[in-house]
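I sat down with this model to look up the annotated binding site and one helix. My notes are below.

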Amino acid sequence: DGLRVPQLLDQGTCYTYDDIIFHPGYINFAADEVKLGTNVTKNIAIRTPIVSSPMDTVTESNMAIAMAKLGGIGFLHYNSKIEEQVFHARCVKKHRADFLTDPLILQPSSTLFEFDQIRERSKHTFACICEADCIGSKLLGLVTATDHELLKDRSLELGSVMTSVCDLVTAELMEDSESFEKVLIESKKGKLPILNDSGELIAVVTGSTLKKKLINPSPGVPSTDRSGKLLCGAAIGTRESDRERAIALAEAGVDAIILDSSQGDSVYQLEMLQYLKKVIPEVDIIAGNVVTQVQAAHLIKAGADSLRVGMGSGSICTTQEVCAVGRGQATAVFKVANLASKCNIPVIADGGIQNSGHIVKALALGASAVMCGSMFAGTTEAPGEYFFQDGVRLKKYRGMGSLEAMLKGSDSRYLSSSAHLKIAQGVSGTVKDKGSVLRMVPYLTHAVKQGFQDLGANSLEKANILRNSGDMRVETRTNSAQLEGGVHDLHSYSKQLW
Ligand code: XMP
């Protein structure tokens, strides 16, 4: 009944996750007993097989911290200066639960009116006034909501009304929460900016961040390196200048580096891979993206510690339309994983994940982990401010090949050499507020465990055994079978899943 997985996926038609459906297997264990532990690279094991994509609307330090806390790993995007990406890497490596790592940061030229407007649409009660509008820049002062509430002239610049940094109580990194608590209480201020020795803002400690840590300890065992610091990944391009970036990231303690390219089978990537293996052998290198066994074989031979699979399957991708290359993601994952597993190289299924069922399918087809962009865009931890449109609370989500992102520098992903002729391979748009990944991911992982239980696999290894032995059976779904498999015939329903 049904087909063996290779019988279906070796036929010369490529399939997406939605095109296929598995037959149920035999259950002799509880869903809670399913083990999702996996390797994201040859040398890095994680408890949760879900990672966040290196996109500038998905992963900076807040997302990477949350993903590591959840037992996965986040990959910092590189659409920024080397110093900014390194700063985020250091934030992850230095993270402690008692820090507020995403305070509102404004510049001295912003006005009280602008501060009011941001406060109306967010929960911020104070703003750090810094030289640049990002964490890691020099702190100049602080403005709180209550300090200037009665000032009539809202056009005043924050630089002229702020409490200057020399009148603030600040602190450097200290070992334990109690030390911060003591300084905070003694200062009789509600906020304690944490600065490095150059006066740059690292984080802020407030009474509520300390309280939150006590009430809400981290969700399960986090992903950590050998010294107990949170795991952190980062992406780079394959240009000459990215060599310097990779070395700086390695110095900041990054555990894995992604060579980010939409088509990884290139001389640029092979040379970069060989170079990095020589100069930073302590960092695992994830090469890609690939969708065929030929591409995968080249990168494995050059020393890749993991492969990222997917071309044009992402929710914001137009690569298949613009360039006529790519592959249906279910087929791509199966084909590449089939080859890579013979060399013990893990495969990350990147793009096209819309629900927990897609994660089950990717893992059952041989992926060791899935990489999500749109799933995590719009969450509290994703970069960017929320805004309202037609009464809906949204955040921006854009492809790294969208014109908008490329103008900031991400065109190297598409091996673009033209300064004035940019061809977009992605779009920019918006996604709804999804709350925190700290709530979403536990839901997702439990749903994946239930999927594995239905397949009769109590671990990723067991799923591989079932697939290789032919006991895992699969079929394609017609369009009407797909419609039948979704919600239908209701006038309206609630889409809330967690
Ligand atoms: P999802 O479906 O999770 O996909 O939103 C995220 C993945 O899509 C890739 N990516 C792009 N692909 N044009 C593309 O063809 C783009 O502009 C683009 N931006 C991101 C990337 O692999 C990411 O992890």
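The entries cover the annotated site, then two of its glycines, then the helix.

Entry 1, the annotation. I worked from a predicted model. I checked the UniProt record, an unreviewed entry, for "binding site" positions. The record lists Ser315, Asp350, Gly351, Gly352, Gly373, Ser374, Tyr397, Arg398, Gly399, Met400, Gly401 and Gln425.

Entry 2, Gly352. I found Gly352 in the loop that joins strand E17 (347-350) to helix H13 (356-364). Setting aside residues up to four places away in sequence, I listed Tyr17, Ser313, Gly314 and His358 as what Gly352 touches.

Entry 3, Gly373. I placed Gly373 in the loop between strand E18 (369-372) and strand E19 (387-389). Is Gly373 buried or exposed? I put Gly373 down as buried, because its relative accessibility is 10% and the cut-off for buried is under 20%. Without its neighbours within four places in sequence, Gly373 contacts Ser53, Met55, Val58 and Tyr397. Tyr397 is also on the "binding site" list in the record.

Entry 4, helix H15. I noted 19 residues for H15, 437-455. The helix spans 26 Å from first C-alpha to last, close to the expected 27 Å. At the N-terminal end I found a cap: a side-chain oxygen of Ser436 is 2.9 Å from the backbone nitrogen of Leu438. After H15 comes Gly456, with a positive phi near 80°.

Entry 5, packing of H15. I listed its buried residues, among them Val437, Met440, Leu444, Phe452 and Leu455. The buried residues of H15 pack against strand E2 (20-22), strand E5 (50-52), helix H2 (61-69), H13 and helix H16 (460-469). H13 is the helix at the end of the Gly352 loop.

Notes: Residues numbered from 1 in each chain as written. Predicted model: local features only at pLDDT ≥ 70, side-chain atom pairs only at ≥ 80, totals over all residues. Heavy atoms only, no water. UniProt positions renumbered as here; feature names shortened; annotations may be inferred. Contact = heavy atoms within 4.5 Å. Buried < 20%, exposed > 50% of the residue type's maximum accessible area, 1.4 Å probe, protein only. Expected span 1.5 Å × (residues − 1). Polar contact = N/O pair within 3.5 Å; in protein donor to acceptor, adjacent residues only side chain to side chain.
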